[in-house]
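Student: Could you take me through one part of this model closely? I would like to look at the salt bridges and how they are placed.

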Amino acid sequence: MKNTAEKNAGSFGSRIGFVLAAAGSAVGLGNIWRFPYLAAKYGGGIFLLVYLVFTVTFGFALMLTEIAIGRRTGKSVIEAYSTVHHKFRPLGWLAAAIPVIILPYYCVIGGWVLKYLTDFCIGAGEAAADNGTYFSNFIGHAGIPTLFFVIYVLATAAIVILGVQKGIEKMSKIMMPILLVLIVGIAIYTLTLPGAMEGLLYYVKPDFSAFSMKTVVAAVGQLFYSMSLAMGIMITYGSYMRKEDSIESSVRQIEVFDTVVAFLAGLIIVPAVFVFSGGDESALNSGPSLMFVTLPNVFASMAGGQIIGIIFFLLVALAALTSSISLMETVVSIIQEKFHWGRVPSCLLVTGFSLLIGMLSIFGYSIWSDFTIFGKQLLDFFDYISNSIMMPIVALFTCILIGFVAKTTYIESEIERNEKFRAKGLYRIMIKYICPICMLLILFSALFMDL
Ligand code: PHE
């Protein structure tokens with residue numbers, strides 16, 4: 001209780017507010033441009049099944065751990081890790097570096113989404129329906145991407161600066177229900193298109209021949225990214241959680257929200273692309289080209305495509321915004337704690353930093369496009385190093401810290417403050433054995449396998 005009273009200025013006011021904010025972080029571009037593609041590629045229903053099993057076991061255990069560390073210590077990421085064990089302070093630093101790297105380039109992509117939303121709103125969306133020239137011209141010149149990037153960063157900052165309750169919680173309570181309604185709406189519409197049923201079947205029917213170790217690695221990797229794990233976000237949000245609320249059921253609800261949105265995104269994208277391409281599976285690709293090239297083509301070929309385009313990009317913008325808010329909040333909380341600064345100056349510093357560093361990614365696609373690191377352009381490099389290398393390392397050592405150093409009772413006692421920990425047995429096995437093995441697998445595959 002003491003902790004709640006002390007931190008009242010920076011606490012969530014309700015359990016639903018916390019759940020929606022955390023779900024807002026989890027639901028993001030990954031749900032929309034990566035999940036559907038992976039599901040279609042790695043065996044449809046069988047991928048969905050594997051993903052689901054990992055969500056309720058592996059994802060559950062990791063998210064629960066982070067939220068409990070946050071709430072128990074009441075600190076932001078660096079201090080939280082060193083409070084659990086002083087030797088793990090470097091792990092806190094590593095975890096803290098991840099949102100610092102991701103935030104600027106995530107906002108660059110957020111800017112692209114705003115640009116496409118604007119295009120569809122002013123009736124210029126059709127121009128994007130070509131073989132990708134429109135998109136490469138757009139990102140190939142720094143000017144317009146910079147404009148939308150700046151707008152996007154300022155929109156994120158405007159919410160974060162208002163604080164946890166008045167900014168993040170309030171906006172999540174508005175944006176997340178809208179997002180859900182929009183996604184259900186377009187899913188129903190696309191499923192009524194002629195030929196959509198075949199695409200739906202392709203998406204949900206298990207194809208056992210496509211099942212391999214890669215299915216497992218892809219599912220774990222996606223889950224981990226999708227739930228915003230291993231970068232201090234859930235620790236930060238956990239530190240704002242009220243002591244009287246249940247962590248276990250909150251995590252279950254966040255999981256359901258994240259998985260339902262990912263599933264629905266697939267329900268829209270797989271059948272729509274299928275219909276558009278006349279059943280050609282190879283039309284379904286991941287990443288920017290799916291969102292900014294394939295889908296505008298699909299919308300252009302649909303009746304009412306402009307409206308669908310507007311709704312779709314609005315939905316993506318909401319999903320991205322609630323994620324970038326969580327990234328910025330995490331970085332702001334680190335600055336607040338390290339420098340003992342107030343929210344406003346911390347937020348201004350982080351905004352300035354994001355604007356500056358984000359420009360690197362913008363230039364990486366335009367005036368510096370010849371410059372690559374390990375064959376990757378700047379944005380892709382930032383993405384690779386943070387998601388595929390740093391995050392699995394942080395998660396692995398978090399499991400070691402909780403499983404073997406501080407012991408699982410550190411987390412269990414926080415969960416059991418106000419309820420019975422129903423999945424305790426499962427939790428112990430996951431944190432001590434299964435999660436670390438999965439993390440090693442992911443790390444290994446990022447380094448040596450091409451997924
Ligand atoms: N969880 C988000 C998604 O699924 C991704 C994300 C990564 C969000 C990093 C915030 C920070 O897209």
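Tutor: Happy to; here is a walk through the salt bridges, with one network as the main stop. The model is predicted, so local features need pLDDT of at least 70 and side-chain atom pairs count only at pLDDT 80 or more, while totals for chains, interfaces and linings use all residues. Residues are numbered from 1 along each chain as its sequence is written, and side-chain values use heavy atoms, with hydrogens and water left out.

Searching the whole structure gives 14 salt bridges, each being a side-chain nitrogen of Lys or Arg within 4 Å of a carboxyl oxygen of Asp or Glu.

Let us start at Glu414, which pairs with Lys243 at 3.4 Å between the closest N and O atoms. This pair connects distant parts of the chain: Glu414 sits in helix 18 (residues 409–415), whereas Lys243 lies in the loop between helix 12 (233–239) and helix 13 (247–276), 171 residues apart. Helices here are DSSP runs (H or I, at least four residues), numbered from the N terminus.

Both Glu414 and Lys243 are buried; that term means under 20% relative accessible area, with exposed over 50% and partly exposed in between (1.4 Å probe, protein chains only). Glu414 counts as buried because its relative accessible area is 3%.

Glu414 also has a salt bridge with Arg417, where the closest N and O atoms are 4.0 Å apart. Arg417 has 42% relative accessibility, so this residue counts as partly exposed. Through shared partners, salt bridges join Arg71, Lys243, Glu414 and Arg417 into one network.

Methods
Helices (H or I, at least four residues) and strands (E, at least two) are DSSP runs, numbered from the N terminus.
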